[in-house]
Amino acid sequence: MSRSAKKPKFFENVSVIDIAEEGKGVGKAEDFVLFIEKAVPGDVADVEVYRSKKSFGEAKIIKLIKPSEYRVPAFCEHFGTCGGCKWQHMTYQAQLKFKQKAVHDALTRIAKIDVGHMEAIVPSPADRYYRNKLEYTFSNKRWLYDGENREDEILDMNALGFHIPGRFDKILNINHCYLQAEPSNDLRNSINAFAKQNGISYYDVRQHTGALRNLIIRTSSTGEIMVIVVFAHADQEQVNLLMNYVDAAFPQITSLLYILNQKMNDTIFDQEVVAWKGPEFIHEEMPAANGAVVRFRVGPKSFYQTNSIQALRLYEITRDFADFNGNELVYDLYTGAGTIANFIAGHVREVVGVEYVPSAIEDAKVNSQINNITNTKFYAGDMKDVLVHGFVAAHGKPDVIITDPPRAGMHAEVVARLMEIEAGKIVYVSCNAATQARDILVLKEKYDVVRIQPVDMFPHTQHVENVVLLKLRTAL
């Protein structure tokens with residue numbers, strides 16, 4: 001008998017003491033760590049282990065003995081099946097508490113720094129309908145709930161919704177999503193109903209057949225709406241039929257686009273966009289320097305922070321941490337569409353932005369042009385290959401470096417380059433406190449961590465943004 005088979009399948013009266021990064025509750029039984037689905041710190045429950053390793057197991061609640069003081073009823077009918085909003089069964093104040101703890105633990109355990117001066121997490125003003133972008137998937141392999149007759153020949157297997165966690169080929173049909181404001185739900189449900197009524201086929205991810213593939217909805221604080229329908233193997237008659245319907249049923253759409261994507265993957269960055277109605281972009285606006293408003297052009301392939309209200313707060317914190325005097329040269333690394341660069345441009349002498357994705361750099365340049373910003377420069381390329389000695393020699397040594405890398409953090413060579421450049425200040429914006437802490441562990445050899453500010457961008461999820469100000473230690 002294997003060691004894992006010797007582990008008991010059931011544990012009684014397990015106390016949930018923490019919550020893991022992936023959103024599962026953490027408990028312990030006989031020195032065996034349990035990651036428990038839908039568990040909240042403070043719960044006491046009988047649990048069943050469904051996947052076991054040597055020192056830990058994954059479990060589900062069989063009986064809730066004592067509910068946590070943090071536990072609340074989930075508000076979404078899709079909770080627990082859909083992979084999003086995994087923390088909605090926990091009070092929002094508790095979510096903030098555990099996000100703050102996650103940042104605290106990462107910085108103390110990995111970066112080995114004192115975080116006693118960390119500021120309280122900034123909550124999101126809205127904890128529902130806060131996203132400005134959602135992407136849905138069409139599939140002819142709908143996720144079936146227990147009790148549905150899988151042998152029913154007339155069972156509707158088409159779905160428009162989200163991927164089931166861990167299942168690339170199964171889509172949960174969504175009735176109502178609390179992430180994006182209307183007309184998002186109305187759009188999705190109406191398009192889903194029209195496609196079914198008119199016999200337009202849904203994508204089969206295994207066979208790579210079917211007409212309809214994805215639906216992307218983008219909204220903005222200016223009231224503009226972008227809808228992108230991604231077709232796979234559709235003829236022009238089917239395209240015309242659906243696009244005419246969407247145009248007529250939702251006249252408030254300002255940018256109606258479609259894409260024909262017959263590749264083996266869903267990415268659209270290398271695909272041609274066809275404008276059915278309106279321009280190929282919408283706009284976002286943010287108040288910036290001296291009462292001015294910065295306007296951002298957002299296209300179908302553009303990166304823009306998905307929580308618009310909190311994006312403004314995040315950029316304000318970044319600006320305030322840098323404490324500009326107006327004469328700084330700033331490097332904005334991983335600049336994306338130049339949102340931070342253009343937001344701070346009115347506060348500094350010059351901003352130099354670098355980003356891996358060429359299309360994002362083109363967006364950044366356009367965003368400077370439409371705001372009549374002339375003190376920005378943008379360059380595309382792999383950060384470790386761009387940020388070399390010759391680049392710094394050509395553009396000048398920066399006074400401030402702002403870095404906002406992806407979840408993987410900065411490449412080791414980029415961190416080493418920052419150590420060589422020795423900018424007076426580094427403002428490190430991160431969506432992953434663990435990789436941020438890993439990089440700070442190196443940077444702290446020359447830099448002091450002066451300020452730490454977590455920001456909640458994604459309520460009801462485990463994700464948290466964190467802004468850290470590092471100051472170069474002057475030689476004694």
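In this predicted model, 14 aromatic pairs are found. One of them joins F35 and F56. Their ring centres lie 5.8 Å apart, and the planes meet at 80°, an edge-to-face arrangement. F35 belongs to strand 3 (residues 32-37), whereas F56 belongs to strand 5 (residues 56-66). The pair therefore ties together parts separated by 21 residues in sequence. F56 is partly exposed, and its relative accessible area is 31%.

Y70 and F98 make another edge-to-face pair, because their planes stand at 85° with the ring centres 5.8 Å apart. Y70 sits in the loop between strand 5 and helix 2 (92-109), and F98 sits in helix 2 itself. This pair links distant parts of the chain, 28 residues apart. Both Y70 and F98 are buried.

Aromatic residues also gather in a cluster made of F75, Y129 and Y178. F75 has a charged partner as well: the charged end of R128 is placed over its ring, 3.8 Å from the centre. A similar contact involves R297, which lies over the face of F281 at 4.0 Å from the ring centre.

Disulfides were examined next. The structure holds 0 of them. A disulfide requires two cysteine sulfur atoms within 2.5 Å. For C85, the closest cysteine sulfur is that of C177, at 6.3 Å, so the two are too far apart for a bond. C85 is buried, with a relative accessible area of 13%. For C431, the closest cysteine sulfur is in C85, 18 Å away, which is also too far for a bond.

Technical notes: Residues are numbered from 1 along each chain as its sequence is written. This is a predicted model: local features need pLDDT of at least 70, side-chain atom pairs count only at pLDDT 80 or more; totals for chains, interfaces and linings use all residues. Side-chain values use heavy atoms; hydrogens and water are left out. Buried means under 20% relative accessible area, exposed over 50%, partly exposed in between (1.4 Å probe, protein chains only). Rings of Phe, Tyr and Trp (its six-membered ring) pair if their centres lie within 6.5 Å; planes under 30 degrees apart count as stacked, over 60 as edge-to-face and the rest as tilted. Helices (H or I, at least four residues) and strands (E, at least two) are DSSP runs, numbered from the N terminus. A charge sits over a ring if NZ of Lys or CZ of Arg is within 6 Å of the ring centre and within 35 degrees of the ring normal.
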